[in-house]
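Student: I am new to this structure and would like to discuss it with you. May we look at the sequence and the model together?

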Amino acid sequence: MHASSSKREDAIVPEKCRYVNVAHEIFKNPRVHTGAGYYRRENDLSISLPNFSTKLRIGDRIHVMGYADATIKSTIIEYGHYNVNCLDNELHRIQAEKYKLQQMLLVFEEERERERKQKEEEEEARRVRAKRKAEDDAAAERAKQIKLEQDSKKVVSMGCGGSSTIILYENGTWACTAGLTKLLYNKLNGRQKSLPSPTYVSVGSQDRYYVHFADGKSEWVGCEAMSKDLKSSSRAVKTIAFGERWDSYFVVFTDGGYSFNNIPYVLSDLIQNKRKSKGDLECVSLGPNGEYFMSAKNGRSWWGGMNADDLARINTVQNDIVYMDFGDNGAYLARYT
């Protein structure tokens with residue numbers, strides 16, 4: 001064992017080790033001579049830390065006299081004699097990065113939301129086009145069937161309502177498209193030829209209908225107010241129309257009189273101001289979306305409540321229109337000379 005030539009406080013000082021047996025004990029347990037050649041370093045680092053104001057960054061390597069080399073893992077403010085003030089700068093940098101990331105995320109979310117809405121709008125437009133095409137195809141098929149029937153037989157009554165159209169012929173037969181209310185279908189289907197044939201029919205939405213037979217009898221499904229009007233009057237029915245709501249109807253009698261309830265305001269105003277005292281109505285039709293048609297015995301007709309495209313088509317033959325009726329989804333039929 002060689003004695004240290006320096007005066008460091010953590011070295012073994014020979015002159016303080018007077019006995020050989022003490023030296024043996026030191027080799028067994030160096031701590032036995034604490035205070036007599038071996039000293040503990042105080043925990044207060046401020047007595048030996050250098051005093052400087054250099055700002056250190058995380059990751060810098062430093063060497064402090066009397067200490068081993070070290071890597072800065074974190075920065076501190078005013079610890080002992082250090083004046084390392086990097087924490088605020090690092091925090092500001094992190095916050096700035098966080099703000100940038102938040103803005104990028106916001107832009108991304110906005111773009112994704114725009115794409116989602118665009119896809120929804122495109123899908124809705126596709127559904128609308130498909131629905132419109134199906135309606136147009138159904139209307140074309142309906143018109144085709146009606147034309148075929150009209151070409152071969154004389155029509156005595158024709159009604160359009162709900163999703164169906166029905167035709168009565170002079171010979172007592174009848175035809176309809178799909179969607180006819182089951183009650184009316186069962187009433188007419190398989191009817192014996194010996195029984196009076198139907199001479200007038202009207203159909204509406206919500207399974208409402210009215211049918212009149214050659215023997216003068218009638219059957220119907222409608223609101224209570226309409227039933228009361230029909231039962232309380234001795235006048236014969238000319239036409240009946242079913243409107244938008246369950247209690248919406250219009251009855252025209254053969255003498256030109258009428259009875260109605262809950263009809264479109266435009267039609268009500270037209271009747272009250274122009275036809276109130278006339279008593280010369282020939283026919284009134286109502287649709288499920290505010291459509292109406294009215295004709296008088298003098299040959300004049302009025303209609304409305306239809307969309308612009310349908311009105312434009314009807315106006316091309318407006319002087320020849322004699323009858324109109326309306327079904328669901330914008331369907332209508334027009335009879336003209």
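Student: How many bridges join strand β10 to β11?

Tutor: This is a predicted model, in which local features need pLDDT of at least 70, side-chain atom pairs count only at pLDDT 80 or more, and totals for chains, interfaces and linings use all residues. Residues are numbered from 1 along each chain as its sequence is written, and side-chain values use heavy atoms, with hydrogens and water left out. Strands are DSSP runs (E, at least two residues; helices are H or I, at least four), numbered from the N terminus, and two strands pair if DSSP finds at least two bridges between them. Strand β10, residues 249-253, runs antiparallel to β11, and the bridges that join them number four.

Student: Which strands stand at the edges of the open sheet?

Tutor: The sheet has the order β9-β10-β11, with antiparallel pairing. An edge strand has a single partner, so one side is left without a neighbour in the sheet; this holds for β9 (237-242) and β11 (258-261).

Student: Which residue in β11 does V251 stand opposite?

Tutor: Strand β10 comprises residues 249-253 and is joined to β11. Opposite V251 in β11 stands S259.

Student: Which helix lies across β9, β10 and β11?

Tutor: Two helices deserve attention here. Helix α5 (residues 265-275) packs on the sheet, touching β10 and β11 (contact means heavy atoms within 4.5 Å). The helix that lies across β9, β10 and β11 comprises residues 224-232 and is α4.

Terms used
Axes fitted to C-alpha atoms, helices over the stretch in contact; angles between N-to-C directions.
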